[in-house]
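Colleague: Got a minute to go through this model with me? I have a few quick questions.
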Amino acid sequence: MPSTPSTLIVNARLVNEGREFDGDLRFEDGQIAQIGSGLSARANETVIDAAGRRLLPGMIDDQVHFREPGMEYKADMATESAAAVAGGLTTFMDMPNTSPPTLDAAALEDKYRRAAGRAWGNYGFYMGASNDNLAAIQSLDPRSAPGIKVFMGASTGNMLVDNPEILDGIFRDAPTPIITHCEDTPMIDAELARYKAKYGDDIPAACHPDIRSREACMKSTQLALSLARKHDSRLHVLHISTADELALFERGPLVRADGSRKRITAETCIHFTRFDRADYARLGHLIKCNPAIKDASDREAIIQALADDVLDVLATDHAPHTLEEKARPYTGAPSGLPLVQYALNAALELVHEGRLTTAQVVQKFAHAPAQLFDVIGRGFLREGYAADLVLIDDTPFTVQREDVLSKCGWSPFEGTTFRSRIASTWVNGMLAWDGRQLVGQPQGQRLAFDR
């Protein structure tokens, strides 16, 4: 990182580690240099008056699908990371179900090479699991990836792990946290066959949560937890979509008062807090995703579980597809939706609604991913940490399709009015988003893990 002049943000409302407080923050050479009150400007220093606006650490999205390599026609690391920093997400962790899938160290390093100089945010890449790459998992350098991704339910290509012996070996030997997609494939296949017999390929979108049922989620999540307890694995269960699963997880902070950390953790995604079954009538396949968006009662329970520290992390599962793909009949319409650009705005709506505090959003969307994946020097407003920062302006705006930066060119939030916008995003001390447009060049760096 080249030496850069220092910047002083004054009169900010800093949100960090459970607190909101008035103060100033100075950063230089890519790092937070000083946090205090009444800090005096230095010669040649850039001074920004936050005028009471909230200053947050940059969000860390531990679950994205940026589609590179292999599907660059609908997304790539440059376009999707640009959308992310426009949304206040300064770090991303990308999934392995690309083409080819990320199933060995060579494929992993290829992704890091692709991101260098092109990613607007900081980046890490998961190693994937399959029925035939246990040796690659066992030999993985734990500092090279945030975790091992295991699709214990339906997925694409060669990435469904359904061999019991291999699953047991992964949970026994993984050198990093294990992260799981939990849905039971045989249960899903049986329901899909039943609905196809009735509707053919043109199954109504509203049937998606019945095909990819809560029972399929519950069965697979229970299996993952049983394996983690058997081997004392570090397990993180992704995108919880049902109220039923919440009872399986421990309530309490990710990092306890004695410094110990939960071994089994869970996260949900922003779309499970903003949409429910009623929205299929309006949005159809645009909100078709796996696991499925389910009932309003599930949405309410998930929001409460975030507030109650049952769910530890909030993420996006950003998974763009083209509108042409989404317009296909049910059996041909892919699952997933683009979310990084407006996820933080959507999370802050929960604050406006009185469901969460800003400090809780920061805990779930910045602090917890950093802690969970042992990320060095990011995710907090701390002196010596990277100057990944987001300034929030409480001025309403309405999402318009022409403002979408993701390559797929659409958002499920089009027409939605959010009460907070992203005024500025800094990545490693460099302004990347000025509230209207991208600024400068990509400044993302490879994540380092303390293992």
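Modeller: Sure, here is a short run through fold, cores, one helix and some backbone details.

Modeller: This is a predicted model, so local features need pLDDT of at least 70 and side-chain atom pairs count only at pLDDT 80 or more, while totals for chains, interfaces and linings use all residues. Residues are numbered from 1 along each chain as its sequence is written, and side-chain values use heavy atoms, without hydrogens and water.

Colleague: How many helices and strands?

Modeller: The protein chain has 14 helices and 19 strands. These are DSSP runs numbered from the N terminus: helices are H or I with at least four residues, strands are E with at least two.

Colleague: What is the radius of gyration?

Modeller: It is 21 Å, close to the 22 Å from the globule rule for 451 residues, so the chain is as compact as a globular protein of that length. The radius is taken over C-alpha atoms, and the rule is 2.2 Å times the number of residues to the power 0.38.

Colleague: What share of the residues is buried?

Modeller: Buried residues make up 59% of the 451. Buried means under 20% relative accessible area, exposed over 50%, partly exposed in between, with a 1.4 Å probe and protein chains only.

Colleague: Which residues have the most contacts in the largest nonpolar core?

Modeller: Val150, Ile170, Phe171, Leu235 and Leu344, in a core of 107 residues. Helix 14 (residues 358-372) gives the most to this core, with 8 residues. A nonpolar core is a set of buried Ala, Val, Leu, Ile, Met, Phe, Trp, Tyr and Cys residues joined through side-chain atoms within 4.5 Å. A second, separate core has 15 residues, including Leu55 and Leu381.

Colleague: And what is Phe171 in contact with?

Modeller: Beyond neighbours within four places in sequence, its partners include Met152, Ile178, His231 and Leu235. Contact means heavy atoms within 4.5 Å.

Colleague: Switching to helix 13. Is it largely enclosed, and why?

Modeller: In helix 13 (residues 343-352), 9 of the 10 residues are buried, so the rest of the structure largely encloses it. Glu349 and Asn345 are among the buried ones. Gly354 follows the helix, with a positive phi near 80°.

Colleague: Which peptide bonds are cis?

Modeller: Glu68 to Pro69 is cis, with omega near 10°. Ser99 to Pro100 is cis too, with omega near 5°. Pro100 sits in the loop between strand 7 (89-94) and helix 2 (105-115).

Colleague: What about phi of Glu17?

Modeller: Positive, about 50°, although Glu17 is not a glycine. Glu17 lies in the loop between strand 1 (7-16) and strand 2 (19-28).
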